[in-house]
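Reader: I should be grateful for a close look at one part of this structure, namely how one of its helices is packed against its neighbours. Please then extend the account to the surroundings of that part.

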Amino acid sequence: MNQDHRDARGPHPMSSTVSPPWSPALALSGASYSAAELSPEGDQVFLLEQRELPGVERYVTLGTAAEVAEGIRAMVVRGAPAIGIAAAYGMALAARAAQTEDAEGYLAAMRQAGAILDAARPTAVNLSWAVRRALALAASHAHQGGAERAEAMAALGRAIHRDDVEACRAMGRLGAAHMPDEGAVLTHCNAGALATGGYGTALGVIRAAIEAGKRIRVLADETRPYLQGARLTAWELQKDGVNVEVLADSMAGWLMQRGEIKAVVVGADRIARNGDVANKIGTYAVACLAKHHGIPFYVAAPWSTVDLATPDGSAIPIEERSSEEVAVIGGKRMMPEGVRARHPAFDVTPAALVTAIFTERGAAAPGEIARLAG
C-alpha cells in the first residue's frame, strides 16, 4: 500500500476480514460486495477497504461515528452516495452509543457525531444531507427510550441505503435510453456500485443499457491520482463480465478525434441549482473535449446529490487533498523532494457542457434540474 495511504489511516479499525462479514442475503447492495453495510444488531459498520482494490478485497469493521468519519476522510469509502450511506450508518452507531443518555444528552451526542461526520469531506453534498436527516430524526424522537432511538436511527440508515439502490436502478433505466446501441462509452472516476449503495449511477446507466441489449464497451479513464477508474471501475465491470479498457487520463481526446467514443457518462458529487456539476478532478477537461467533438456528455446522480441551495458551481467547496497523494505512487516518490504538487480533488463542469442529467426523478437538461424538485 502507498505510504501516503498508510499515513492517512488515522485510528486503526476495530478488525478486518477478507470475506464479507455479513450473510449475502442481508447485503442491501444486491451484489456480492458492498461499499458500506450496517450489522444486523446495528452496532458495527462494515466498509470495503477501497484503497486496497483490486489487489485485496478486505472489509474493515468500525464501531464509532468517529471511526466512520475517519474512514470517509481517508477514502476507505468514497463516492458521494456511498459516503452519505456510511454517514447515516455512523449516526446509527452514535445513537446506539447514547442509549443511556436523557433527551438533552442524546441530542448533544448526536450533534457532536454529526459535526464530526459532516467535516470529513466538504464537496459531496450527500454527506451533509444524510447527517441532516439523522439529526432531524434525533430531534423528533429524543424523548423516546434509548433502544427505540437506536433502532429508529438504524432503520433510517438502511432506508437511505435501500432508496439509493433503487434510485440507481431508476436512473439507470432512464439513462440507458440515451446510450448508443453499440460502441464505446467513456466514464471518468468510479460511479458504480462501489461509489453508491449498489448498482451505480454512471455505471448503473451502462449496466442498464447492456441489460437492455445494447452492445456497449466501456473506456475508463484511470483517474489520477487515486486511480479510481483503473482500480475500481475496471474491477467491478470485470466482475460483471463487461468489456472494459482503461485509458490514461490524457488519451481520451485522441480517441474522440478518431471517432471511437460515442458518449460520455459520469457521476457527480454535487449538482448546483443551475446545473453546474462538481465531480472528480478531470471531469471538466473530459466535458470540454466532448463538447469540441460533438459527443453527448451525460451526468447520472441521485436526487440527494442535487443541491438547490447552491446557486451555481462557484459556490461549491472544492476539497484540496494532500500533495503526497500525487507525488507518491505505489510507495515510490515520482517527483523531486521539495517540489509541491497541487491536488484539488474535484472540479466543476459548467451546465453548458452537460447534455442531460439523469436522476431517479427523471431526466432533465441541466438548466432545468430544479423543475424535478416538485
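Author: In this predicted model, helix 3 and helix 4 run roughly antiparallel to each other, because the angle between them, about 150°, lies over 145 degrees. Helix 3 covers residues 80-97, and helix 4 covers residues 103-118. The axes of helix 3 and helix 4 are 9 Å apart, and helix 3 passes helix 4 in a right-handed crossing.

The contact itself can be followed residue by residue. On the side of helix 3, A87, G90, M91, A94 and A95 take part. Their partners in helix 4 are Y106, M110, A113, G114 and L117. By class, this contact of helix 3 with helix 4 holds 8 nonpolar and 2 polar residues, and no charged ones.

Helix 3 also packs against helix 2, which spans residues 65-73. Here the packing angle is about 165°, and the axes lie 8 Å apart. Helix 2 and helix 3 are therefore roughly antiparallel to each other as well. The crossing of helix 2 with helix 3 is left-handed, whereas that of helix 3 with helix 4 is right-handed. From helix 2, the residues A65, V68 and I72 make the contact. They meet I83, A86, A87, G90, L93 and A94 of helix 3. The residues of this contact divide into 8 nonpolar and 1 polar, again with no charged residue.

Taken together, the two contacts can be compared on helix 3 itself. A87, G90 and A94 appear in the contact with helix 2, and A87, G90 and A94 also appear in the contact with helix 4. I83, A86 and L93 are listed for the contact with helix 2, while M91 and A95 are listed for the contact with helix 4.

Helix 3 has a further role in the interior of the model, in the lining of a cavity. A search of the whole structure finds 3 cavities of 30 Å³ or more. The largest cavity has a volume of about 190 Å³. It is lined by 24 residues, of which R78, G79, A80, N190 and D269 are the closest to its centre. Two elements, helix 3 and strand 10 (277-280), give two or more residues to this lining. Helix 3 gives the most, with 3 residues. By class, the lining of the largest cavity comprises 12 nonpolar, 8 polar and 4 charged residues.

The largest pocket should be considered next. Its volume is about 240 Å³. Of its 15 lining residues, Y33, Y199, R207, E211 and D240 are the closest to the centre. Helix 7, residues 202-211, gives the most to this lining, with 3 residues. The lining of the largest pocket divides into 6 nonpolar, 5 polar and 4 charged residues.

Y199, one of the residues closest to the centre of the pocket, also has a notable backbone. Its phi is near 80°, a positive value in a residue other than glycine. Y199 is placed in the loop between strand 5 (182-187) and helix 7.

Helix 7 itself packs against helix 6, which comprises residues 146-176. Their packing angle is about 60°, with the axes 7 Å apart, and the crossing is right-handed. M171, G172, R173, G175 and A176 of helix 6 meet G204, V205, A208 and A209 of helix 7. In this contact of helix 6 with helix 7 there are 5 nonpolar, 3 polar and 1 charged residues.

Two cis peptide bonds complete the account. One runs from L53 to P54, with omega near 5°, and P54 lies in the loop between strand 3 (45-48) and strand 4 (59-62). Another joins R224 and P225, with omega about 5°. P225 is found in the loop between strand 6 (215-221) and helix 8 (228-239).

Methods. Residues are numbered from 1 along each chain as its sequence is written. This is a predicted model: local features need pLDDT of at least 70, side-chain atom pairs count only at pLDDT 80 or more; totals for chains, interfaces and linings use all residues. Side-chain values use heavy atoms; hydrogens and water are left out. Axes are lines fitted to C-alpha atoms, for helices over the stretch in contact, and angles run from 0 to 180 degrees between N-to-C directions. Helices (H or I, at least four residues) and strands (E, at least two) are DSSP runs, numbered from the N terminus. Angles under 35 degrees count as roughly parallel, over 145 as roughly antiparallel, 65 to 115 as roughly perpendicular and the rest as oblique. A crossing is left-handed if the near helix is turned anticlockwise from the far one by less than a right angle, and right-handed if clockwise. Contact means heavy atoms within 4.5 Å. Ala, Val, Leu, Ile, Met, Phe, Trp, Tyr, Cys and Pro count as nonpolar, Asp, Glu, Lys and Arg as charged, and the others, Gly among them, as polar. On a 1 Å grid over the protein atoms alone, a cavity is a set of points where a 1.4 Å probe fits but cannot get out, and a pocket is an open set with protein on both sides within 12 Å along at least five of seven lines; lining residues have an atom within 4 Å of a point. Grid points are joined across faces, edges and corners, and a volume is the space filled by probe spheres set on the points.
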